[in-house]
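Me: I have a protein model to go through, and I would like some help in reading it.

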Amino acid sequence: AVVSIDGTDHLATRDGASWRLDGHRSLQVVRETGADQPTAHVFDRGAAITVVLADLLDRDRAAGPAGNLTLSPMPGLVREICVAPGQAVAEGDRLAVLEAMKMEHVLRAARDGVVEAVLVQPGSQVEAGAPLVALVAEEEGA
């Protein structure tokens, strides 16, 4: 990945359990969670770089109608669909399980609602951004 530090681009690459910045091994990577945004601090030869980590599974709750769709955060294989059309779900309920990069990722409901449609089948290969499950507000689905 290319990171910009004070307007200068640097190449950050993973080297086993550590990272290299412009080919130099980083001394330490410290990851923080609990704040509004998880961050990582990379310490390299007395300098520190702070990086805000993206949550690929986060969905925008204020996205209006687009917030009704649970999208695939990355290319992967749909391993399991945990809901059916007409089923009521609460925020945080399991909707689907996606396998990507040899890991299983549980996709959860971003809000309370009713499953309007399941848009994929288990075993489907999906691209990043593919719609998986559509929700409607409970009042609309009742």
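Reply: The answers below take up the chain as a whole, then its core, its salt bridges, its surface and a few single residues.

Me: Before we begin, what kind of model is this, and how are the residues numbered?

Reply: This is a predicted model, in which local features need pLDDT of at least 70 and side-chain atom pairs count only at pLDDT 80 or more, while totals for chains, interfaces and linings use all residues. Residues are numbered from 1 along each chain as its sequence is written, and side-chain values use heavy atoms, with hydrogens and water left out.

Me: Which secondary structure does the protein chain have?

Reply: The protein chain has one helix and 15 strands. Helices (H or I, at least four residues) and strands (E, at least two) are DSSP runs, numbered from the N terminus.

Me: And how much of the chain is buried?

Reply: Of its 142 residues, 30% count as buried. Buried means under 20% relative accessible area, exposed means over 50%, and partly exposed lies in between, with a 1.4 Å probe and protein chains only. The accessible surface of the chain comes to about 8900 Å², and 52% of this belongs to carbon and sulfur atoms. Such areas come from the Shrake-Rupley method with a 1.4 Å probe; for residues, only the protein chains shown count as cover.

Me: What share of the contacts is between residues 24 or more positions apart?

Reply: Such pairs account for 40% of the contacts in the protein chain with a separation of 6 or more. A contact means heavy atoms within 4.5 Å.

Me: Now the inside. Which residues have the most contacts within the largest nonpolar core?

Reply: They are Val 78, Val 83, Val 89, Val 126, Leu 132 and Val 133, in a core of 18 residues. β9 (76-81), β11 (94-100) and β15 (131-136) each supply at least two residues of this core, and β11 gives the most, with four. A nonpolar core is a set of buried Ala, Val, Leu, Ile, Met, Phe, Trp, Tyr and Cys residues joined through side-chain atoms within 4.5 Å.

Me: Let me follow up on Val 78. What does it touch?

Reply: Leaving out residues up to four places away in sequence, Val 78 touches Val 97, Leu 98, Val 120, Gln 121, Pro 122, Gly 123, Ser 124, Val 126 and Leu 132.

Me: Different topic: how many salt bridges does the structure hold?

Reply: There are two. A salt bridge is a side-chain nitrogen of Lys or Arg within 4 Å of a carboxyl oxygen of Asp or Glu. One joins Arg 79 and Glu 99, with their closest N and O atoms 2.6 Å apart. This pair links distant parts of the chain, since Arg 79 is in strand β9 and Glu 99 in strand β11, 20 residues apart. The side chains of Glu 80 and Arg 94 also meet in a salt bridge, at 3.6 Å from N to O. Here Glu 80 is in strand β9 and Arg 94 in strand β11, 14 residues apart.

Me: Why does Arg 79 count as partly exposed?

Reply: Arg 79 counts as partly exposed because its relative accessibility is 43%. Glu 99 is partly exposed as well, at 26%.

Me: On the surface, which residues form a nonpolar patch?

Reply: Leu 69, Leu 71 and Leu 119 form one, with about 220 Å² of accessible area together. Patches are made of residues with over 30% relative accessible area and no salt bridge; like charges are joined within 9 Å, and nonpolar side chains (Val, Leu, Ile, Met, Phe, Trp, Tyr) within 5 Å. Leu 119 lies in the loop between β13 (113-118) and β14 (125-126).

Me: Is His 105 buried or exposed?

Reply: His 105 counts as buried because its relative accessibility is 13%. This residue lies in strand β12 (residues 103-108), and its side chain reaches the backbone oxygen of Ala 100 at 3.4 Å.

Me: Finally, what is notable about phi at Met 101?

Reply: Met 101 has a positive phi of about 55° although it is not a glycine. Most residues other than glycine have a negative phi. Lys 102 also has a positive value, near 60°. Met 101 is in the loop between β11 and β12, as is Lys 102. Met 101 counts as exposed at 66% relative accessibility, and Lys 102 is exposed at 83%.

Key. Polar contact = N/O pair within 3.5 Å; in protein donor to acceptor, adjacent residues only side chain to side chain.
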